[in-house]
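User: I'd like to go over how the labels in a structure description get decided. Could you take me through some?
Analyst: Sure, let's look at it together.

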Amino acid sequence: MAISLSVVVLLAVILVVLFRGGSLKPGPAIVAILFGFFLASTGMAPSINRFLNSIAESINSIRF
C-alpha cells in the first residue's frame, strides 16, 4: 500500500510539473489520466501491479 501511494503521489507531481511547464497540454493530460483509470479496471491491472512491485523490490535490494 505504501509503495502504491508513493507511486501515485510521484506520478501526480510529475504530471503537474509537465502540465505547468508547458510540456503537456490539458487534452493529452486528461487522456493520460483516463487511460490510467480505465487500465486499472482491466485484467492487466494485476500483471502491471506485480511488475511494478518487482521493480520496487529490485531497487530496494540494491545496497550502496
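User: Why does F64 count as exposed?
Analyst: Keep in mind that this is a predicted model. F64 has 97% relative accessibility. The label "exposed" takes over 50%, so F64 counts as exposed. As for where F64 sits, that's in the segment after α3 (45–61).

User: And why is I48 called partly exposed?
Analyst: I48, found in helix α3, comes out at 29% relative accessibility. Buried means under 20% and exposed means over 50%, with partly exposed in between. The 29% of I48 falls in that middle range, so I48 counts as partly exposed.

User: What about L18, why does it get its label?
Analyst: L18 is found in helix α1. Its relative accessible area is 36%. Partly exposed is what lies between the buried cut-off of 20% and the exposed cut-off of 50%, so L18 is partly exposed.

User: How far apart are the C-alpha atoms of L18 and M44?
Analyst: They're separated by 26 Å, with the two residues 26 residues apart along the chain. For I48 and L10, 38 residues apart along the chain, the C-alpha separation is 17 Å.

User: What makes F51, L52, I55, I59, I62 and F64 a patch?
Analyst: A patch takes residues with over 30% relative accessible area and no salt bridge, and nonpolar side chains are joined within 5 Å. F51, L52, I55, I59, I62 and F64 form such a nonpolar patch on the surface. Together they have about 710 Å² of accessible area. F64, at 97%, is over the 30% cut-off.

User: Which classes of residue make up the lining of the largest pocket?
Analyst: By class, there are 17 nonpolar, 4 polar and no charged residues in that lining. The pocket holds about 730 Å³ of space and is lined by 21 residues. V7, V8, L11, G36 and L52 lie nearest its centre. Gly counts as polar, so G36 goes with the polar ones.

User: Which element gives the most to that lining?
Analyst: That's α1, with 8 residues. The elements giving two or more residues are α1 (2–21), α2 (26–39) and α3.

Key: Residues numbered from 1 in each chain as written. Predicted model: local features only at pLDDT ≥ 70, side-chain atom pairs only at ≥ 80, totals over all residues. Heavy atoms only, no water. Patch = residues over 30% accessible without salt bridge, like charges linked within 9 Å, V, L, I, M, F, W, Y side chains within 5 Å. Areas by Shrake-Rupley, 256 points an atom, 1.4 Å probe, with all protein chains shown as cover. Salt bridge = Lys/Arg side-chain N within 4 Å of Asp/Glu carboxyl O. Helix = DSSP H or I, 4+ residues; strand = E, 2+ residues; numbered from the N terminus. Buried < 20%, exposed > 50% of the residue type's maximum accessible area, 1.4 Å probe, protein only. 1 Å grid on protein atoms, 1.4 Å probe; cavity = no way out; pocket = protein on both sides within 12 Å on 5 of 7 lines; lining within 4 Å. Points joined across faces, edges and corners; volume = space filled by probe spheres on them.
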